[in-house]
Amino acid sequence: MMRTSGFGVTAINVFTYGTVYVAAGNAGLLSTSTDRITWEVRTVGFGTSNITSLTYGTVYVAGSIGGAIRTSTDAIAWVTRTSGFGTSQVNSLIFGNNLYVAGGTGITRTSTDGIAWVTRTSGFGTSVVNTLAYGNNLYLAGGTGATLTTTTQTILSNLGNGVLYRDWE
């Protein structure tokens, strides 16, 4: 069944669920819903910058083009955080095992609270981290050049023109 998100014809890029459902997309649009039927557009503070990543752990964390990260406890009021991404796009955000992970162009950063971010070595060099996942106590990052990385320090296998690494700490 189709629902009205408040986005009009603007693309929805990401979803997450915490205490409410949250959809975010192009032109800085973000909507929330408690029932997945009625959606309310919220002001996040990204202006017209696309919201490219979104996750929920203990707080909601949203990232955008231009390297901005914002957090919210309720998905209504949002606070700007220092991301360390500079002007690089925050492509992906995840939360797992009490740790937020953000990935972008040659940058992987972690945070325990969504507020203070620490740079990590991901094995990507200057390549783009496009996607992140967490499961079975393992963080996985995928990006350009078929590069994949995970979390401890042993080279696992060669994947065509990409290498699967372990180490972010």
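Here is a short back-and-forth about strands, burial and aromatic pairs in this predicted model.

Student: Before we start, what are the ground rules for this model?
Tutor: It's a predicted model, where local features need pLDDT of at least 70, side-chain atom pairs count only at pLDDT 80 or more, and totals for chains, interfaces and linings use all residues. Residues are numbered from 1 along each chain as its sequence is written, and side-chain values use heavy atoms, with hydrogens and water left out.

Student: Which residue in β14 is the bridge partner of V129?
Tutor: Strands here are DSSP runs of E, at least two residues long, numbered from the N terminus, and two strands pair if DSSP finds at least two bridges between them. β13 (residues 129-135) and β14 (residues 138-143) pair in the antiparallel sense over six bridges. Their hairpin has two residues between the strands, and N136 takes a positive phi near 55 degrees there. As for V129, its bridge partner in β14 is G143.

Student: What is the strand order in the open sheet of four strands?
Tutor: The pairing in this sheet is antiparallel. Its edge strands, each pairing on one side only, are β9 (90-96) and β12 (118-120). The order is β9-β10-β11-β12.

Student: And by how many degrees are neighbouring strands of this sheet turned against each other on average?
Tutor: Take the axes as lines fitted to C-alpha atoms, with angles running from 0 to 180 degrees between N-to-C directions. For this sheet the direction is ignored, and the average turn is 25 degrees.

Student: Which residue in β11 stands opposite A102?
Tutor: Look at β10 (residues 99-104) and β11 (residues 108-111), which pair in the antiparallel sense over four bridges. Opposite A102, in β11, stands R109.

Student: Is S33 buried or exposed?
Tutor: S33 sits in strand β3 (residues 30-33). The cut-offs are under 20% relative accessible area for buried, over 50% for exposed, and partly exposed in between (1.4 Å probe, protein chains only). S33 has 2% relative accessibility, so it counts as buried.

Student: Which backbone nitrogen does the side chain of S33 reach?
Tutor: That side chain also makes a polar contact with the side chain of D35 at 3.1 Å. A polar contact is a pair of N or O atoms within 3.5 Å; within protein, one must be able to donate a hydrogen and the other to accept it, and residues adjacent in sequence count only if both atoms are side-chain atoms. At 2.7 Å, the S33 side chain reaches the backbone nitrogen of R36.

Student: How far apart in space are G28 and T43, C-alpha to C-alpha?
Tutor: G28 lies in the loop between β2 (21-25) and β3, and at 9% relative accessibility it counts as buried. In sequence, G28 and T43 are 15 residues apart; in space, C-alpha to C-alpha, the distance is 8.2 Å.

Student: How are the rings of Y17 and Y21 arranged: stacked, edge-to-face or tilted?
Tutor: The structure holds four aromatic pairs. Rings of Phe, Tyr and Trp (its six-membered ring) pair if their centres lie within 6.5 Å; planes under 30 degrees apart count as stacked, over 60 as edge-to-face and the rest as tilted. The centres of Y17 and Y21 are 4.3 Å apart and their planes are at 40 degrees, so the pair is tilted.
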